[in-house]
Amino acid sequence: MKHDNGRGSFSGKMGYVLATAGSAVGLGNIWRFPYLAAKYGGGAFLLVYILLALTFGYAMIMSETAIGRMTGKSPVGAFASFSKRGWVRAGGWINAIIPMLIVPYYSVIGGWVCRYLWGYISGQGDAMALEGTFEGFLGSPVATIAFFAVFAAMTMAVIFGGVRNGIEKVSRIMMPILAVLTLVVVGFSVTRPGALAGVRYFLVPDLRNFSLMTVVSALGQMFYSLSIAMGILITFGSYTGREVDIEQTTVQVEIFDTAIAVLAGLMVIPAVFAFSGGNAAALGKGPSLMFVTLPKVFESMGGAWIGVLFFLLVLMAALTSSVSLAETACATFEDELGWSRPKAAALVSVILAALGSLSCLGFNALSHVAPMGMDILSFFDFLTNSVMMPVAAVATIVLVLKVIGLDNMEREIMRSSAFHRRGVYRFVVKYLALIMLAVILVSSVCDAFGWIHI
Ligand code: PHE
C-alpha cells in the first residue's frame, strides 16, 4: 500500500527508477569518478569500486529505501519514528545535513560546466583546450562566482517553481542521449595515438597500484555516486509502495550508474595518456582533470559542436542531481520546522550562496585558507564524503541492527521482492559494514591530519 500522507508518490516502478537514476547519475559519474580512478590506482580502483557497489552499496540502498517505505517519512522523521533516543535522532539529522553541505560545492563544479559550455557556444572552443585555461579561470574570483551563481540560480529556480516533474521528463530523454554521446566520445578518446596504455591502466587491475587510499576513496565515491547515506533514498523510498520491487530496481540503478561512470573513465583516462603522458603528475591532477583533458579530445575531433553538446548534457545531468539535493534539504526544513516551501527554499538559497562562494574563493582570494592542507572545495568534499557519510551510514546500519531488527527489515523488503541476495544483505549488514566503516573513517581522518600516510 502507498502511504497516503499527502506527500505525493511516484507513478510506479518506472517513475522510481528514473528519479533514482536521475539523482544518481551526475557530476559524480562524469567528473569525480575518472579523476579518482586516475589518481588512486586505475584498474585496482575500478575493481574495488565494483565489488563495493555490489555488496555494500547494494545493502545500503536496500536498507534506506525500505526504511523510507516503512515510515513514509524523510530521514529525520524516519529515524525518529523508530525511537526517540538521542543517537537515533542525531543519526537522522546527519543524513539530512549532508545534502546541505554538498549542494554548494556541487554547484561550484556545475558553474565550471557552465563556463565550458559558454566557451564552446561563444566560439572559443580552441581556447578551452589550451594549457592554463582552466587555472586562469579558477584564479578569477569574479568569473568563478558568476558561473557558480548561474548554476545555483538554475537549481533554485526549479526548487522555487516546483517544476520537478518537468525535470523528470527531461531526464527521460536526456539520459539515453547522454549515454550515446558518451559512447561516441569514448570511441574517439580510445583511438587517439597512445591512448591504449590508458585503457589498460583503467581496466586491468594492477596490485602495485593498490593502496588503502584506493579503498577509502572508492567507498566515498560509491556513496556519492549512488546518492547513499544522505537521506535521498529514504525520502524516495517514502514515495513508493509495494508495486516497486526494491531489489530489482536497486540492481538496475546500480548497473546504469556504474556503466556511465566506467564510460566516463574511458573518455577521460585514455585521453590523459594520449595528450599528457601517463605520468603520476598527469594522472594525479584531481578535480580539474575532466576540464583539462576533454577539451583536447574535442579539439582533435574537430568541432565545437561536440563540446556544446557534451557540456549541455553534463549540465542537465548535474542539474537533476543538484535539484534532488536541494529538494531534500528543503523537505527537511518543511517537515521538521513546519516552514512553508518559500521560506525553506530561501534558507537553502542563503546557505548555498554563502558556502558556494567560499568554495569559489578558496581557489583565488582565499587560497591561503587551506583547512587540513586542502582547498575549501576539496575540504567540503572530504568532510561530507569521507567523514560525514560513513558516520551517517553507521547510524543507518546500527538502526537496522539494534532498533528495527534485521528480521523486520527483511520482511519489509520481501513485501515486494523475492530477495535473491538475502544472504549477501545479511552478511554485509551484520558483519562487514561496521568494521569497514570504522576502518575507513579512522584511516581517512588520520590521513587528513597527517598522522599516517595511506
Ligand atoms: N549522485 C550524484 C552524482 O553522482 C550526486 C548526488 C548525491 C546527487 C546525492 C543527489 C544526492 O553526481
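Leucine 212 is partly exposed, because its relative accessible area is 37%, and partly exposed means between the cut-offs for buried (under 20%) and exposed (over 50%), with a 1.4 Å probe and protein chains only. This is a predicted model, in which local features need pLDDT of at least 70, side-chain atom pairs count only at pLDDT 80 or more, and totals for chains, interfaces and linings use all residues. Residues are numbered from 1 along each chain as its sequence is written, and side-chain values use heavy atoms, leaving out hydrogens and water.

Leucine 212 lies in helix α11, residues 212–225 (helices are DSSP runs of H or I with at least four residues, numbered from the N terminus). Now look at proline 104, which lies in helix α5. Proline 104 is buried, since its relative accessible area is 1%. Here are the two side by side:

| Residue | Relative accessible area | State |
|---|---|---|
| Leucine 212 | 37% | partly exposed |
| Proline 104 | 1% | buried |

Along the chain, proline 104 and phenylalanine 148 are 44 residues apart, and their C-alpha atoms are separated by 8.9 Å.

Next, find the second largest pocket (on a 1 Å grid over the protein atoms alone, an open set of points with protein on both sides within 12 Å along at least five of seven lines; lining residues have an atom within 4 Å of a point, and the probe is 1.4 Å). The pocket holds about 500 Å³ of space, the volume being that filled by probe spheres set on the points. Its lining has 23 residues, and those closest to the centre are Lys39, Tyr40, Met374, Ser378 and Phe382. Helix α18 gives the largest share of this lining, six residues.

Note on methods. Helices (H or I, at least four residues) and strands (E, at least two) are DSSP runs, numbered from the N terminus.
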